[in-house]
Amino acid sequence: MEDSIRSKGYASVEVGTYTQSAIATSKVCVSGSYDGADLAAELTSPEMSTVDSVSASDCDVSIDGYDIIVIIGTSDIKN
């Protein structure tokens with residue numbers, strides 16, 4: 001997914017781990033004028049939300065200042 005995000009022109013891509021319970025459905029969380037549709041198209045019916053719905057304690061990397069956060073659910077894990 002990281003390469004796919006970069007190929008869409010996103011320059012600042014950080015990969016981390018969602019530290020809460022596994023979720024089945026992926027989430028694309030956006031802020032401001034971002035709609036995330038181009039990233040959502042890469043996933044299986046993701047839930048759309050806002051970045052303020054994700055707490056800093058939910059991830060093992062800093063999410064402060066990010067405009068888009070993508071959380072991969074178990075339905076989108078590729079073996």
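**A buried aspartate, a three-stranded sheet and two salt bridges**

Asp58 is buried yet takes part in no salt bridge, and the nearest side chain of opposite charge, that of Lys27, is 7.1 Å away. This description, like those that follow, refers to a predicted model. Because a salt bridge requires a side-chain nitrogen of Lys or Arg within 4 Å of a carboxyl oxygen of Asp or Glu, the separation of 7.1 Å leaves Asp58 and Lys27 unpaired. The residue is placed in the loop between S2 and S3, where the side chain of Asp58 is joined to that of Gln20 by a polar contact of 3.5 Å. When residues up to four places away in sequence are left aside, Asp58 touches Thr17, Tyr18, Thr19 and Gln20, so that Gln20 appears both among the residues touched by Asp58 and as the partner in the polar contact.

The strands that flank this loop belong to an open sheet of 3 strands, arranged in the order S2-S1-S3 and with mixed pairing. Strand S2 (47-50) and strand S3 (68-71) form the edges of the sheet, each of them pairing on one side only. On average, and with direction ignored, neighbouring strands of this sheet are turned by 20° against each other. Strand S1, which comprises residues 27-30, pairs with S3 in the antiparallel sense over 4 bridges. Lys27, already named as the nearest side chain of opposite charge to Asp58, has Ile71 as its bridge partner in S3.

Beyond the sheet, Thr74 is found in the segment after S3 and is partly exposed, with a relative accessible area of 43%. Thr74 touches Ala22, Ile23 and Ala24, not counting residues up to four places away in sequence. With respect to Asp58, Thr74 is 16 residues away in sequence, and the C-alpha atoms of the two residues are 16 Å apart in space.

Side chains of opposite charge can pair when their charged atoms come close. In the present model the count comes to 2 salt bridges. One is formed by Arg6 and Glu2, whose closest N and O atoms are 3.1 Å apart. Arg6 and Glu2 are 4 residues apart in helix H1, which means that they are separated by about one helical turn. Both residues are partly exposed, Arg6 having a relative accessible area of 38% and Glu2 a relative accessibility of 33%.

The side chains of Lys8 and Glu42 also meet in a salt bridge, with an N to O distance of 3.0 Å. Lys8 lies in the loop between H1 and S1, whereas Glu42 lies in the loop between helix H2 (37-40) and S2, and the pair therefore ties together parts that are 34 residues apart in sequence. These two residues are likewise partly exposed, with relative accessible areas of 32% for Lys8 and 36% for Glu42.

Glu42 is further engaged through a polar contact of 3.3 Å between its side chain and that of Ser4. Ser4 lies in helix H1 (residues 2-7) and is buried, with a relative accessible area of 18%, whereas Glu42 is partly exposed. The side chain of Glu42 thus has a salt bridge to Lys8 and a polar contact to Ser4, whereas the buried Asp58 has no salt bridge but a polar contact to Gln20.

Notes
Residues numbered from 1 in each chain as written. Predicted model: local features only at pLDDT ≥ 70, side-chain atom pairs only at ≥ 80, totals over all residues. Heavy atoms only, no water. Pairing = 2+ DSSP bridges. Helix = DSSP H or I, 4+ residues; strand = E, 2+ residues; numbered from the N terminus. Axes fitted to C-alpha atoms, helices over the stretch in contact; angles between N-to-C directions. Buried < 20%, exposed > 50% of the residue type's maximum accessible area, 1.4 Å probe, protein only. Lys, Arg positive; Asp, Glu negative; His and termini not counted. Polar contact = N/O pair within 3.5 Å; in protein donor to acceptor, adjacent residues only side chain to side chain. Contact = heavy atoms within 4.5 Å.
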